[in-house]
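Work through the exercises below with the sequence and the 3D view open. Try each task before you read its solution.

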Amino acid sequence: MKPLLVSLFLFTFHFSLFSAERPNILFIIADDASMRTFGAYGGTTIETPAFDRLAEQGAIFNNAYNCNPKCAPARACLVTGRFSWQLKEATNHWPDFPAEFKFYPHLLMEKGFHVGHTGKGWGPGTYATEHNPAGPAYKKLKLKPPFKSMSNDDYAGNFELFLDQKPSDAPFCFWLGTYEPHRAYEKDQWKKVGMKLEDAVVPAFYPDNEIVRGDLLDYANEVKWFDLHIGRAVKALEDRGLLENTLILITSDHGMPFPRIKGQLYDEGVHVPLIAYWKGVIKPGRVIEDFVNFPDFAPTIMEAVGYEPHEQMTGKSFLDVLMSPKSGQIDKSRDHVLLGKERHDTGRATKDGINLSYPVRAIRTKEFLYVHNIKPNLWPAGNPEYGYRNVDGSPIKTYLTELKPGDADYKYYEQSFGKRPEEELYQVSKDPDCVNNLADNPEYKRIKQRLRKQMEKELTDQGDPRTLGNGDIFDEYPYTGKQLDYTTGKIVQ
């Protein structure tokens, strides 16, 4: 009886959308912000009042994931509603986005929505469409940021410009993507804003020293800039009387740009913040435990504005979860997510110079993270001789890569840059930093086998080339970013 009532409610809701004003969509995404940084998720290093306020007035998701923890592939999942391994070239970082795929912002533009983006949309990479997959660009307005490492794009100001150009009878769909807290950072900015070293929270996979703490504080200060623009964007809606009919979704493409996080399939890299606000529709103060993945966003947005998800979308809409009045686990089937990666940045090559992937597939449940490193003979962060190219430059990276065997902190280098076993299993509920690998522990053998079997069955059903034995195709796709000359180790493009 309960499923019937839910279906009837959703039908009534969708019918009303076709006969009434369609909701607007404001999608806000940070570039490289970890979930645990935000106050609503227990972060204590900085204050994030705008994010936290919307979390209180809307719903907060405790189990949102990005499918593939690097900018271009994660964002590709968002705009297409497809799993990373279903996106051909766009599975990789710096790809040429295949023209065959449809993007939800473009689909809504065809339906008469006023569509745009500011800051960072989909990317980095190239695309065949006239506009970025996130929509037409609004980047005219600039400002002077408080630190030289921050972009001078006036994100919220450009959103206001977009709103002021909106036809009065058109709903809108806008993507507000900041470049912060992506590196590089103005070093020691934390000192200039009065932060203290003891404010930093050091993960278990880093040594606890001044270099590490200072780098973490510089990052956190740039998250505050992201939060400021959230507040300004919400005010722009309030000032124009648009807030009450706007669904706001706020997330980040992956974790902070540090070793063992960005680009890696440990929880800090793939577990992302997500809050949803929709006045009168989403009950305030809800805490949701359902697992959602980036491919689920596009079909959710399409359904929220009254349309069927496009036939290419393979993610599952969580509109029913948003609309439920309950907290906790709403949809019992949403008890896990699949994750993966292929080639992110150059830094590995065959003798003929073909860039090599570091293929990984993983499954995350409430209790465990199982990781299959498909080619453990390769370096996960890129080859040492090429500078570990799949890790952004930073004081922490420099400190760790200059360590030598026998140094007291050398184990931290190995955790971030060393080769990894074929299988990893972490009991994340007790080990959130994923430092205690249980894969070889006989007590967890059945759990490991069960998770791998489930993961590979679902990947097979989804047509994952890597699982089906055709994964080397990901190595052959062109890389459109800055290339390495593997004979000299220097950038040539």
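A helix here is a DSSP run of H or I that spans at least four residues, and helices are numbered from the N terminus. Keep in mind that this is a predicted model.

**Exercise 1. A salt bridge within a helix**

Task: Find where K235 and D239 lie, and describe how their side chains meet.

Solution:
- Step 1. Locate the pair. Both K235 and D239 belong to helix α7, residues 210–239.
- Step 2. Check the spacing. They are four residues apart, about one turn of the helix.
- Step 3. Look at the side chains. They meet in a salt bridge at 2.9 Å, N to O.
- Step 4. Classify K235. Its relative accessible area is 47%, so K235 is partly exposed. The class runs between 20% and 50%.

**Exercise 2. Salt bridges between distant parts**

Task: Which parts of the chain are linked by the pair K70 and D345? Do the same for K142 and D153.

Solution:
- Step 1. Start with K70 and D345. Their side chains form a salt bridge of 2.8 Å, N to O.
- Step 2. Place both ends. K70 is in the loop between β3 and α3, while D345 is in the loop between β11 (336–341) and β12 (360–365). The two are 275 residues apart.
- Step 3. Judge burial. K70 and D345 are both buried.
- Step 4. Turn to K142 and D153. This salt bridge spans 2.5 Å, N to O. Both residues sit in the loop between β4 (114–119) and α5 (155–164), 11 residues apart.
- Step 5. Judge burial again. K142 is partly exposed because its relative accessibility is 47%. D153 has a relative accessible area of 5%, so D153 is buried.
- Step 6. Widen the view. The structure has 34 salt bridges. One network links E342, R361, K375, D464, R466, D472 and D475.

**Exercise 3. A small sheet**

Task: In what order do the three strands of the open sheet stand, and which are at the edges?

Solution:
- Step 1. Read the order. It is β7-β3-β10, with mixed pairing.
- Step 2. Find the edges. β7 (271–272) and β10 (292–293) each have a single partner strand, so one side of each lacks a neighbour in the sheet.
- Step 3. Inspect one pairing. β3 and β10 run parallel and are joined by two bridges. A64 stands opposite V292 in β10.

**Exercise 4. A cysteine in a loop**

Task: Is C67 buried or exposed, and what does it touch?

Solution:
- Step 1. Place C67. It is in the loop between β3 (64–65) and α3 (71–80).
- Step 2. Classify C67. Its relative accessibility is 0%, so C67 counts as buried.
- Step 3. List some contacts. C67 touches residues including C77, W85, N293 and G340.

Notes: Residues numbered from 1 in each chain as written. Predicted model: local features only at pLDDT ≥ 70, side-chain atom pairs only at ≥ 80, totals over all residues. Heavy atoms only, no water. Buried < 20%, exposed > 50% of the residue type's maximum accessible area, 1.4 Å probe, protein only. Contact = heavy atoms within 4.5 Å. Pairing = 2+ DSSP bridges. Salt bridge = Lys/Arg side-chain N within 4 Å of Asp/Glu carboxyl O. Lists of a residue's contacts leave out its neighbours within four places in sequence.
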